[in-house]
Each structure stands twice: as C-alpha cells, then as structure tokens.
2 protein chains.
Amino acid sequence: MERIEQHIAAGGRQEVWRHHATSLNCDMNVAVYLPPQAEDGPVPVIYFLSGLTCTEQNFITKAGAQAFAAQHGVAIVAPDTSPRGTNVADDPAYDMGQGAGFYLNATQAPWATHFQMYDYITNELPALIEAHFPVSNARSIMGHSMGGHGALVIALRNPGRYKAVSAFSPIVAPSQVPWGEKAFTGYLGPDRSAWAAYDATALLADATERLPVLIDQGSADDFLESQLKPDVFVAEAERHSHPVTLRMQPGYDHSYYFISSFIGDHIAHHAAALKGA
Amino acid sequence: MERIEQHIAAGGRQEVWRHHATSLNCDMNVAVYLPPQAEDGPVPVIYFLSGLTCTEQNFITKAGAQAFAAQHGVAIVAPDTSPRGTNVADDPAYDMGQGAGFYLNATQAPWATHFQMYDYITNELPALIEAHFPVSNARSIMGHSMGGHGALVIALRNPGRYKAVSAFSPIVAPSQVPWGEKAFTGYLGPDRSAWAAYDATALLADATERLPVLIDQGSADDFLESQLKPDVFVAEAERHSHPVTLRMQPGYDHSYYFISSFIGDHIAHHAAALKGA
C-alpha cells in the first residue's frame, strides 16, 4: 500500500492510500480517517460508500465527518465507487461503468473482469484495513444514494458483520427504478431473478438479523420520486417487522450540503452501536 | 442578481448568486449563507476571502462553516477571488490573473481594466449584500492564504468598518515573499512604494484602530517559511502594540482540512464581536 495523501484534520489523520485490489483486478484509492484515539489503540470503523460519479474524495472533502469521528473515536473508511483505469471497461453515461459500480459483482461482459465491488467492499477491503491500520473488527456501514443502496444490501446480506447501518437518500429498490434497471441489466443481465441479491427491498423478506436501519431523505431531492422511493422500503420493512427509521428532512436536496447537515447524527448513531458492541 | 444555486444546509440556506460587478467590469459569482435566524430579521455578516486558485465554491463546499453559522446566527458571504471571463486578462500561472486577484486595485496594464478587487470587496459587495439580503450592517472579515492577506489589509485600512478580523495561514507580508512580489510587480508596478497599501505588516504602523487579529497557522504548511511568515507580522504588531493572537497548530497543512478543523473557533470569535456590537 502506498500513502498518497496525508493531512491532519480535527486532531486526527485524513489519509488516502493506493493499493492493488485483487478482487477488482486494478489499483484503487481508499480514504482512511483515523481519529486521535487511534494513537492509543484500535478504534471501530465506519465504512462510507459514495454515490454515482464520486471518488474517494467527495466524502472526505465535503461531508465534514472528521470532527464527529474525532469526537466519538471512530475511524472512517471511504472507498472509491468502482474499479478505475484505462484498461477497465467504461461507459460515457454517468450512471454506468467507472464511477458507477453499484456495489455488486458483475456477471456480464465487458464488466465482469473488474466490476466486483461487492466482494471488494465486503471482504477484501475490511481485511486490508484491519491488517494495516489501528482498528478493531467492530464495523458499521453507511452510504449516500448509490452508496446507500450498497450499505443496505451489504448489511442485509451479512448478518453479524456490521453493528449499525444507515443511509442518506439511498436507492432502496433498484429493481424498480431507472438507475437500477439500467445498471442491473448491464452488469447482471436481463434476468431479473439475479437482481434480488442486490435489492435492499427484496432482501428484507429473508433477512435473518433485525439490524435497525436509519435513513435520512431530503424532501426536495430531485431524485426522490423517480429513483429513491424510500416508502417502498419502509412498507416492505413493516411487512417483515424490520426496524426502520425514515427521517424526511424538509427542504433538503441530494447534495453534500444535506449529508454535512446530518452526518453528525449518523456518526453518533453508529458510534453508540460500535461501542456497545 | 440571479440566483444560480440554492441548497438547505444546517437548517439555513446556502445560495450562490451571479451579478454584474461595476467595479470589476464583469459578471461575478458570490456565495451567501443565510442562517435560520435570518428568517426572523437581519443577522450580522462574516465575509470570507479565499486563496489562490479558488472560486466562491471552495469555502462553501469544504469548510463546514454552515453548522457554526447556524449555531451563532450569522450570515457568511464568500466571493470569488478575481474578476473572471474570456474578456478578462489572465496568466497561465496559478498565482497571477484569474483566481489570483490579491484583493487590490491594479494600476498596470493589462490588469487595471478589471482587477479592482479591493473596491469590489470593500465597497460594492457589502452594499449589494446589505441591499438584497436580510443582514445588518454589522460586518466582519476573515480569509485563507491570499484571502487572509485580503482580510487583514481591508480591516486595517478601514477602521470602524469591521467588528472582527481573522485569518487562516495568511500572506502577512506580501512585499517580502515571492507570491506577493510577483503579483504586486504585475498589478501595481515595480515601484515598491505603491505596495505598502496592500501589505498588512506595512499597514500596522499607521493603523488607527487596535482591532484584535486572530491567526491560525499550521506548523506543517508547505508555504509557511517561504510565503507566509506570520512571525514577521507578529513582531511588527508588537512594535505597535497591536493585539495579535497567533496560534501555531501542530501538524496542520495549508488545506481545507486545516480550515474545517478550526472554522468553528473563528466563527465563534467573530459572532461574539458582531453581537457585542
């Protein structure tokens, strides 16, 4: 691993590392924030998954998370949103290919060679982080938009692995909205039976763990009605007695101004679960 | 004025406006954050001046200032750092021309036509802001790097106009460092006697108001020894009994990670002065 950025922030260290990801068959950047408490011993880790078009930079420069991570003594790992590189398949659209990995394992050409983000985020990255940084194996996961979809899917499919899960403006039912239908058709093929494994709403029926889900959603989000549809998830969760708190935040949009306004609540929620662990 | 961006942030409104600036002879963007308290009546205003290469976007997306502005009930105005446009003179270097206005009134060709940032920030912009937004005439000013230079110069030259002044990593003695020597030679000409009006250290001797100056400076800032030299300012301030607090922050660099780590302190300092006014 090569450290390519290092800054002091809120008394801790905001770093960006570059490493070869075996599961993705390419080099990847990953941002790691270590709070001051990490100087004295292992700290829990929150994974933050970003949305369409983002890299590892958006969250660390715009969310204002470091002050809260320092306050609660938690690390935050923010990976990139897809494999990258000139040898990696891409698409000119913003919602397919590089910057749009959708946190799944692609099965279709030309994507399957590199687009294995589910394996990367779920297995390879935590192993790497826990081997190289002063962190414990207490993990939680959150994300925004496409990354909220990733966080919910990964938490629901891996009972016992995460102590908390939350999302800002998540794509909760990708099989039912244009972003998800396009991406899943491309990455997984037209057979919809393969899609359910990456659809948080569809996964609720078989969830064996009742990990509470916290969702914040802006009421003025341009994508609310067309792509996000949190009510679909809430209704299905109620059917399966899965605890969900959906907070509709009046006037907020899909931007990092929304995330920065509520990231403190999310980190506090995660820290309480991680430390009670 | 045309509003080109609007987001809810920390319960208030982060907006970006576009307007024709008479003093600069071009259209300009300016960011305005209005805290929730502005719904109920005029609030004080902090002006934030950004550094080299920045636009009005850097501070509003990266500093995390909105939560503190909302907490204290102050507006924040973040202008661009120079005139802009295809008809505006420019230079390929990052430290001259567009993005590098140095908050002065240029006297030399080809710059003098548009590069009148001192007049814009000191006169035109406050008049515009006070005419169009729910703000009082209680003003303060802060900035980063080149913008810290601007904030110190403008506060020192306009006694009674600002209730507080502070800076992150400011260029305190531009006449004595490469960034300032290059810019002042280009904008003001080689006669150094014209430079003193835009040099905070040189202005201390004739300052008629003892407005306390708060400076935060990272000890690991790559520009500390070559361009910033806060000790030069502190020594001259001591000679003139001008109150300065210089806080050397160990390990911090020149980035927005530094600003976001201490912006809460600066806004609290300004708010106390603005509300005591």
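Start in chain B and select B:Tyr118, B:Ile121 and B:Thr122 in helix 3, then add B:Val153, B:Ile154 and B:Arg157 in helix 4; the two sets meet. By class, this contact of helix 3 with helix 4 of chain B has four nonpolar residues, one polar and one charged. Keep in mind that this is a predicted model.

**Stop 1: the helix pair in chain B**

Show helix 3 of chain B as residues 117-132 and helix 4 of chain B as residues 146-157. Their axes come within 11 Å and cross at roughly 60°. That angle makes helix 3 of chain B oblique to helix 4 of chain B. Now check the hand: helix 3 of chain B passes helix 4 of chain B in a right-handed crossing.

**Stop 2: the helix pair in chain A**

Move to chain A. Select helix 3, residues 117-132, and helix 4, residues 146-157. In chain A these helices pack at an angle of about 60°, with axes 11 Å apart. Helix 3 of chain A is thereby oblique to helix 4 of chain A. The crossing of these two chain A helices is right-handed.

Turn on side chains here. From helix 3 of chain A come A:Tyr118, A:Ile121 and A:Thr122. They meet A:Val153, A:Ile154 and A:Arg157 from helix 4 of chain A. Colour this contact by class: four residues are nonpolar, one is polar and one is charged.

**Stop 3: the axis between the chains**

Zoom out to both chains. A rotation of 180°, with 0.0 Å of shift along its axis, superposes chain A on chain B at an RMSD of 0.0 Å. The two copies are thus related as by a two-fold rotation axis.

Which residue of chain A comes closest to the rotation axis? Select A:Lys62: its C-alpha lies at 2.5 Å from the axis.

Next, show the interface residues. Of those in chain A, 100% are also interface residues in chain B, so the copies meet through the same surface.

**Stop 4: the cis peptide bonds**

Select A:Ala109 and A:Pro110. The peptide bond from A:Ala109 to A:Pro110 is cis, with omega near 0°. Trace the backbone around A:Pro110: this residue is in the loop between strand 5 (75-79) and helix 3 of chain A.

Then jump to chain B. The bond from B:Ala109 to B:Pro110 is cis as well, with omega near 0°. B:Pro110 is found in the loop between strand 5 (75-79) and helix 3 of chain B.

These bonds merit a look because most peptide bonds are trans.

**Stop 5: a positive phi**

Where is A:Ala10? Look in the loop between strand 1 (2-9) and strand 2 (12-21) of chain A. A:Ala10 is not a glycine, yet has a positive phi of about 50°. Most residues other than glycine have a negative phi.

**Last stop: confidence**

Colour chain A by pLDDT. The mean for chain A is 98, and 100% of its residues reach 70 or more. For the complex, the predictor gives an ipTM of 0.94 and a pTM of 0.96.

Note on methods:
Residues numbered from 1 in each chain as written. Chains lettered and ligands numbered in written order. Predicted model: local features only at pLDDT ≥ 70, side-chain atom pairs only at ≥ 80, totals over all residues. Heavy atoms only, no water. Axes fitted to C-alpha atoms, helices over the stretch in contact; angles between N-to-C directions. Helix = DSSP H or I, 4+ residues; strand = E, 2+ residues; numbered from the N terminus. Parallel < 35°, antiparallel > 145°, perpendicular 65-115°, else oblique. Left-handed = near helix turned anticlockwise from the far one by under 90°. Contact = heavy atoms within 4.5 Å. Nonpolar A, V, L, I, M, F, W, Y, C, P; charged D, E, K, R; others polar. Least-squares fit on C-alpha atoms with pLDDT ≥ 70 in both. pLDDT = per-residue confidence, 0-100.
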